Amino acid sequence: MNVNQHTPMASPYGQPQAGYGQPGYAPLDGGYSAPYAPYNGPASAYQPGVPPQGYSPFTSFPSKAVAANPVSDLCSPLDLGATRGPPTSGPPPASAPQSYNQYSQNQGEMQNGPPPMTQAPPRSAASQPYNQGAVNLSGANLSYPQHYGPPPTMQQVTNQMTAMQIASGPPTPAGPGYAPAPAPSSQPPVSTAYSTAPPPSYTQAPPPASSAPTQPPPVRAPAVSQQYYGGPPAQPQQPFNSSLPPTSQQQFTSCAAPPPSAQQTFPPSSYSGPVPPPSQPPAPQVSQPQQSFPPAQPPFSSAPPPVSQPAFGSGPPPPAQGSFPPRAPPPSQPGSFSPPAPLPTTSPSAQYPGHFPPQQQPPSSQPSPYHSGPPPPRAQMPPTSMAQSNHMPPGPLQQPPSQPGMQGTYPPQQNGAFGQVRGPQPGYAGPYPGQPHYGSPAPAPTSAPPAQKRLDPDAIPSPQASDMPAVQKSRHRIDPDAIPSPIQVIEDDKAKCNEPFTTGVRGQAPPLVTTNFQVKDQGNASPRYIRCTAYNMPCTADMAKQSQVPLAAVVKPLATLPPDETPPYLVDHGESGPIRCNRCKAYMCPYMQFIEGGRRFQCGFCSCVTEVPAHYFQHLDHTGKRMDCYDRPELSLGSYEFLATVDYCKNNKLPQPPAFIFLIDVSYNAVKSGMVSIVCQELKTLLDYLPRENPEVDSVVRVGFVTYNKVLHFYNVKSTLAQPQMLVVSDLSDMFVPLLDGFLVNVNESRLVIESLLDQIPEMFADTRETETVFGPVIQAGLEALKAADCAGKLFVFHTSLPITEAPGKLKNREDKKLIGTDKEKTLFQPQVGFYNTLAKECVAQGCCVDLFLFPNQYVDVATLGVVPVSTGGSVYKYTYFQAQSDQERFLNDLRRDVQKLVGFDAVMRVRTSTGIRATDFFGSFYMSNTTDVELAGLDCDKAITVEFKHDDKLSEETGALMQCAVLYTSCSGQRRLRIHNMAVNCCSQLADLYRNCETDTIINFIAKYAFRGILNNPTKAVRDTLINQCALILACYRKNCASPSSAGQLILPECMKLLPVYLNCVLKSDVLLPGADVSLDDRAYLKQLIGCMDVAETQLFFYPRLLPLVKLESGSLPVAVRDSEERLSKGGVYLLETGLHLFLWVGASVQQELLLSIFGTPSFSQIDSSMASLPVLDNPISQRLRELIDSFRAQQSRYMKLMVVKQEDRSELIFRHFLVEDKSASGGASYVDFLCHMHKEIRQLLS
């Protein structure tokens, strides 16, 4: 939705979910365990070190080293509960997020009892000394924040129970899903079963990175397993081995919050440990302890149930935290950032060695940048009330994150889960080899109450949240810090990538899009041009169908490269043109094999043998390579350009230089909003910056001007005129251009006349009363002008309202909210009339690209008006309720970039593949008149095209699979060129190899585009169900065929796909698929078109926005992000949220005066002007650094991000909350924890 109109949004289900998954990962600082070993260059498999078993080194680099147990190395099991019944049907309760609470208080401030209800407990500072590396799990005092605080809430308990062990290590003895149970400390079990099982997870200090834990992981008490079942966990023996102070467990029992250790210790990958309950609000969902979230529990059931019941028993629940407290802690907190030193890579478990405290972890996945619906009112309530309202359960529920300890302590479990192995004896010194946690519960520790019966989540009635004590409510919560954290994965990838990425190794997955890296082209296209969903293609169609992993590539043919990388070389083969295969017409590339002494070459795509032209002949060396191989870009590089000959030109004649035509709406709304005068004023200077390839030379692009309302006004701006001349065309049924000479002119020659015209237009129409406009004839006029000049070009249309005038392309207002959610909803996304499809086809044939700038105050039918821009390779920009004062900066920056960026015209793209696969489907902004050629009237540096591949034969592991993307286009200087991008990937006959080498960010790009196109012909609910089903099939296939056997209660995820659930949930919650009440049809159609041509980096940021805590800005380094959850926000902090379309600066209500003075120039929170469009320029390091940060973020995006200042508890917070994607959304979207539980349930159903 338009920021201007954002509706408030409620925070997602228990906002406090913030910490998901982090814990499992070792802090970055801690050092990566083997799997995350620093990336040493393009070794083919990126194997920096052996990954811990359960966890593959790089999520994004599936090809990375495989752990000894290949399966496990791929997976991160989440223990959802070994024996627990399948999750109940629905997604987990929103409250899950709660686990956050415990951290909310600063460590120092933590009290043993619950904090007073009156105020939200302060969050722990992000800075908490969580030093990963430092964490000594074994010592009594852990470095992680203490968990003593409010007694663990039920939730926490629950979380613990459910604690997912995201372990990728060997199974804990206790049982697969279990987080280590705390050793039965002397203390009594927390309400019996619940004694803090989580603490165990930290068995002693984290072991050195080495794979073995420093000390044997404590065995988890067998009892734990029972606990997982639904009753309170028996007091597990503490995995701490007593290294932890018993108190921590007891703490659970008592009011104090459980120690973090309680949360899981296991390595993140598999969630088997107990998860502390999120600090979710006591949402009703939560309330049903077992059932409400059965899924949650079961999934994580591996962990003992949270102590919640006991916990609450011990003391009053902590007061509900304010909604803010749940927010992510300041970046400084350990959770938020990876610890400073990487852990030793040696130990697999260690790989996550330093987990951040869960809360600290930044949320990572948010859905769409737009708020989907009005935020729930709750945002407005005071924090405490919010918390209560159902943000999170009161403090007691919160469990301390267990993660921190887990990291290196446990060896990887066999099934790929991380976590300490649970053994029967708490004190067991060595890793417990034996009992994998396959479903059986571990024996309950003696202290534990009698074994509880296993609760089947599905069978337990769920009390209303309001009826149960807070603690209980938290019961089924899963610790957000125990589930995979996008932030952890992103930070781990950055830490691994310390040398340039060389593309010479086939099938090597590149660093993630969130990592800054340099590329060296050695024969495959840079990942900036092409990214694949899988770098190991299945050899057969059956295998591809079985896995359900989409086989696709996202191609950005004219992508802009960073200054330290060389743009593609231009190769000129003279009049004969590029060398090509005789049969398939593939262009010369590194995959062609020269034979017979260099006289012929065999095509790598179709195996046909072709004669080498005499002028291209060269002898071969002793290896069979041409002697000039490294002197010719087309023989040694993945990307390059050929100069095309006249044979590649339309009508066999060289193209004319392109033209830009500006068509400005001068109706009443356009003039009154200030748009007309702003455009005219800006064009006077902007025309000096028309695109050119050589900055030293003037641009050859010609320009023309048209204004319109119900009629069209053409302007003659010939250089010989003293004043511009206006010619009016009122017969719109048969559009024509009334002048040829003088309409398209060279800017320098006609500068004075053009400036005179631009000065006069605002004056001429200042008093207009004409409110109606046309649209179809406007595009026809530009098209006719380009036809008359026999050139390609671009139309810049500035338009304000629905075209209701009698003329071709007339539209009516069809916005009908009653159709939303029905089978007829899809018609609202289809063009109203067929006129624009026909017009688009004509534009493409002429090379006429259309960029549309919309300034609507009401419905304008973007679904129909956007047809021509989308089909011609153009862009749509939308400024709802445009106001000159607040929106001018954004509009002008977008216009400047749009006019100046390099663009190709009259382009045709074809993707060729080697035998065995073929390109079958394409997604993006283009037109197709046949099944193979992607036609683009315009192709700029921001446009990406997603290509799907299908098998048409078998592939072989020896030859791999090849693809060549060739784009024929006219450059902005008028040259006809061919840009070639080549990519070779491996082929595999084992599913484990496929799952080891996928890229989740690219899969999400494909899935989003596939889904957003699907709503044209299917109800949105059917589209959402299809996505959930496909994701479940992908993960179930992995579980069935690649993971070692383990309890059904464990959720096991492939290492490189462990973020698939969180990112998919963001797609499902986006405004396109699940709109809030305040999201208009136009907003949805606009987003659908926008995402259709996004590249992988843009969709990653759009669906999971970046949330940065503004701490230590003076240092100059970028703060580590925190997860996208309200739980991660601290009232004493300031956070910057970036979505790719918006920037939000969130200011907590208790920020220190010095910081407010440094940023806003006022010491008072109440005096901050939330309507400011830009920050004041103040002379201090913090202000300067923050403004530089904002400028650098804007420079990286294709669209200008308007800054919105959001004060805590302000109305605008509803819009901000919409982007905290790990929380429950106002429109009904599930929180990350709930969705993960739901996915686990779906997977179990498929497997059973």
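Start by selecting E825, which counts as buried because its relative accessibility is 2%, under the 20% cut-off for that class. You are looking at a predicted model, so treat each stop on this tour as a feature of that prediction.

**Stop 1: E825 and its partner**

E825 sits in the loop between β18 (793-799) and α18 (835-846). Show everything around it, and leave out residues up to four places away in sequence: E825 then touches L819, I820, T1020 and R1084. Which side chain makes a polar contact with the side chain of E825? It is R1084, at 2.8 Å.

Now move your selection across to R1084. This residue belongs to helix α26 (residues 1081-1092), and R1084 is buried too, with a relative accessible area of 1%. Besides meeting E825, the side chain of R1084 reaches the backbone oxygen of D1071 at 3.2 Å. With residues up to four places away in sequence again set aside, the residues that R1084 touches include I820, F829, T1020, V1072, P1075 and V1079. While you have both neighbourhoods on screen, look for I820 and T1020: they touch E825, and they touch R1084 as well.

**Stop 2: Q964 in its strand**

Next, select Q964, which you will find in strand β25 (residues 961-970). Is Q964 buried or exposed? At 0% relative accessibility, Q964 counts as buried.

Add N982 to the view. Q964 and N982 are 18 residues apart along the chain, yet their C-alpha atoms are separated by 4.5 Å. Their side chains are joined by a polar contact of 2.9 Å. Then turn to Y587, where the side chain of Q964 reaches the backbone nitrogen at 2.9 Å.

To see the rest of the surroundings, display the contacts of Q964 beyond its neighbours within four places in sequence. Among them are A586, C589, F605 and Y640, along with R910, V911 and R912, and also I980 and H981.

**Stop 3: an annotated span**

Some of those contacts lead straight to the next selection, residues 578-616. An unreviewed UniProt entry places the feature "domain: Zinc finger Sec23/Sec24-type" here. Colour the span by secondary structure and you should find 0% helix and 23% strand. Its end C-alpha atoms lie 10 Å apart.

**Stop 4: salt bridges**

How many salt bridges does the model hold? The count comes to 42, and three of them make good viewing.

Begin with D933 and R910, whose closest N and O atoms are 2.7 Å apart. D933 lies in the loop between β22 (917-923) and β23 (934-940), while R910 is in strand β21 (residues 903-913), so this pair ties together parts that are 23 residues apart in sequence. D933 is buried, at 15% relative accessible area, whereas R910 is partly exposed, at 31%. You have met R910 already, as one of the contacts of Q964.

For a pair within one helix, go to D1025 and K1021, whose salt bridge has its closest N and O atoms 2.8 Å apart. Both lie in helix α24 (residues 1020-1041), four residues apart, or about one turn of the helix. Here D1025 is partly exposed, with a relative accessible area of 37%, and K1021 is exposed, with 56%.

The third pair is K1058 and E1055, with closest N and O atoms 2.7 Å apart. K1058 is buried, at a relative accessible area of 0%, and E1055 is buried at 0% as well. Before moving on, select R897, D898, K901, D940, D942 and K943: salt bridges that share partners join these residues into one network.

**Stop 5: the nonpolar cores**

Finish with the largest nonpolar core, which has 182 residues. Select M537, L712, F714, L1145 and F1160, the members that touch the most other members. The element that gives the most to this core is α24, with ten residues. Colour domain 2 (658-902) and domain 3 (1105-1220) separately: both give residues to this core, so it lies between them. Apart from it lies another core, of 41 residues, and F660, V679, V899 and F905 are among them.

Conventions: Residues numbered from 1 in each chain as written. Predicted model: local features only at pLDDT ≥ 70, side-chain atom pairs only at ≥ 80, totals over all residues. Heavy atoms only, no water. Helix = DSSP H or I, 4+ residues; strand = E, 2+ residues; numbered from the N terminus. Buried < 20%, exposed > 50% of the residue type's maximum accessible area, 1.4 Å probe, protein only. Polar contact = N/O pair within 3.5 Å; in protein donor to acceptor, adjacent residues only side chain to side chain. Contact = heavy atoms within 4.5 Å. Salt bridge = Lys/Arg side-chain N within 4 Å of Asp/Glu carboxyl O. UniProt positions renumbered as here; feature names shortened; annotations may be inferred. Core = buried A, V, L, I, M, F, W, Y, C linked by side-chain atoms within 4.5 Å. Domains from an automatic or database assignment.
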